[in-house]
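Subject: Structure handover

Hello,

Here is the structure for you to take over. Please look through the sequence and the coordinates first; my notes on what was found follow below.

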Amino acid sequence: MTERNPEQTTVTRTQSRGETSSGLLRIRQAARADPRLCFTQLMHHVTPEHLYASYLALSRQAAPGVDGQTWEEYGEGVLERLKDLHARVQSGRYRAKPSKRIWIPKADGRQRPIGIASIEDKIVQHAVATGLNQIYEEDFANFSHGFRPGRNPHHALDALWVGITRRKIGWVIDADIRGFFDSLDHGWMMKFVEHRVADPRMLRLIRKWLRAGVSEGGQWSKTTVGTPQGAVISPLLANIYLHYVLDLWVKSWKRRARGDMIFVRYADDFVVGFEHKDEAERFLAELRERLAKFALELHAEKTRLIEFGRFAADQRRARGEGPPETFDFLGFTHICAKTRKHGWFTVWRRTSAKRMRAKLKDIRETLKRRRHEPLAEQGQWLKSVVRGYFNYHAVPDNMKRLNVFRGQVCKAWIKALRRRSQKGDRLTWEKMKPHIAQWIPPARLIHPYPNTRLRVSNSR
């Protein structure tokens, strides 16, 4: 990937898009012209038109926060509401509401806390994040892919695949930061933001969101560290934090490395590849010290140093050891392999077994609740679920897992239908085949090979 980040618009298309975009474009041009420029006047870019564009950009189906207002309810008289909101934001009378905390299950059985902001907080946070993105998109490293305009997990997966297959990588660190969003130090966070932002009203606004607290079961609790995972502003603040704590440090480390080194990060999950084992071990030790300075730590169970790369299989075979270990990144298990035609080194990416089991479990539980609905309604729902799953997981070398997933979905569906009555055993596979063919999409590859897509998106 090139060192310079591509220009990506972050503005929703509205009637006032031209005026809004020109103001944000000037911010980006100024940030690009002077990497040390500190912006003292940013709040005037938060206009009623900008707030309306942010309102339109929000998800219509998002759950309401502590205010209980949905997107549709706020839309009744939205222009007057936004005019009043703009006046409160600019005068300092705006008050951030606490995030509503809910818990969602994770694939490993644990639960993840999610903070749901009020509708007005979402609007203002989106407007502010859109403006700040113009500054930080010029600063962020190109190996950072998480929660950035114009990027998605497959950009990180492509960069990792190309890095491992094209560089002299023999050792890989699969790292994860423990409770990252819950551990952000507010003091360090504001110091990092102040490197580029000196507008006192903007800084005061960010502090309000950090200190708003959380509400769970009607009880408010103060937050002295962390930022709610799920808040609109949180991904940007997390990227700013890791930019100064990790990315800049990694850039400096790469200049001192004597062998090849790659680094790919998506939010708080990242993978580091090295040519030499001793450098990988030294990097890991220094990384722990670096993170500890900023109140962060690596997850002991999820952080590993493994032998992985084009020569890993041969070297392990010569030592009488088994095949190279695998590692998971962004829902895929990465495996050392060779191409069938020429026997060249490659990396297979297969859907993580843990991720697949969790998805199938969710589908089975939902089918139990919906088994008395008309068959067409169930089929339409399953079609959207399977199609969405394939849109993410249909990468080269993953056809076997895709077919397994589709087969398990079909089994879960017929099992749920058979339990609708005591005569369910009359429903045979032959009777279900037409419905499966109609509603369950066949497995097919959607994504190209990583080097092909990377070559198209990056002319260099």
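I begin with one residue pair: Val172 has Gly273 of β7 as its bridge partner. The pair belongs to the antiparallel pairing of strand β3 (residues 171-176) with strand β7 (residues 269-274), which extends over six bridges. Please keep in mind that this is a predicted model.

Both strands sit in an open sheet of four strands, ordered β6-β7-β3-β8 and paired in the antiparallel sense. Its edges are β6 (261-266) and β8 (304-307), each of which pairs on one side only. From one strand to the next, the twist averages 15°.

Two helices should be noted with this sheet. Helix α6 (residues 153-166) lies across β6 and β7, and runs at about 165° to β6. Helix α10 (residues 234-256) packs on the sheet as well, where it touches β6 and β7, and its direction makes about 175° with that of β6.

There is also an open sheet of four strands in the order β2-β1-β4-β5, and its pairing is mixed. Here the edge strands are β2 (111-116) and β5, each pairing on one side only. The twist in this sheet averages 40° from one strand to the next.

The mixed pairing can be followed from β1. Strand β1 (residues 99-105) pairs with strand β4 (residues 214-216) in the parallel sense, over two bridges. Ser99 has Val214 of β4 as its bridge partner, and Lys100 has Ser215 of β4. With β2, on the other hand, β1 runs antiparallel, and six bridges join the two. In that pairing Trp103 stands opposite Pro113 of β2.

Next, a helix pair. The axes of α14 and helix α15 (residues 399-418) come within 11 Å of each other and cross at roughly 160°. An angle over 145 degrees counts as roughly antiparallel, so α14 is roughly antiparallel to α15. The crossing of α14 past α15 is right-handed.

Which residues of α14 and α15 make the contact? On α14 they are Leu375, Gln378, Gly379, Leu382, Val386, Tyr389, Phe390 and His393. On α15 they are Leu402, Phe405, Arg406, Val409, Trp413 and Leu417. Sorted by class, the contact of α14 with α15 has ten nonpolar, three polar and one charged residues.

Last, the confidence figures. The average pLDDT of the chain is 90, and 93% of the residues score at least 70. Among the elements of the chain, helix α14 (residues 375-393) has the highest mean pLDDT, at 97, while strand β5 (residues 219-221) has the lowest, at 78. The helix contact described above therefore involves the element with the highest mean value, and β5 is one of the edge strands of the mixed sheet.

One stretch needs separate mention: over residues 9-19 the pLDDT stays under 50. For these residues the model has 16 contacts beyond four places in sequence. Where pLDDT is low, predicted coordinates should not be read in detail.

Regards

Terms used: Residues numbered from 1 in each chain as written. Predicted model: local features only at pLDDT ≥ 70, side-chain atom pairs only at ≥ 80, totals over all residues. Heavy atoms only, no water. pLDDT = per-residue confidence, 0-100. Contact = heavy atoms within 4.5 Å. Pairing = 2+ DSSP bridges. Axes fitted to C-alpha atoms, helices over the stretch in contact; angles between N-to-C directions. Parallel < 35°, antiparallel > 145°, perpendicular 65-115°, else oblique. Left-handed = near helix turned anticlockwise from the far one by under 90°. Nonpolar A, V, L, I, M, F, W, Y, C, P; charged D, E, K, R; others polar.
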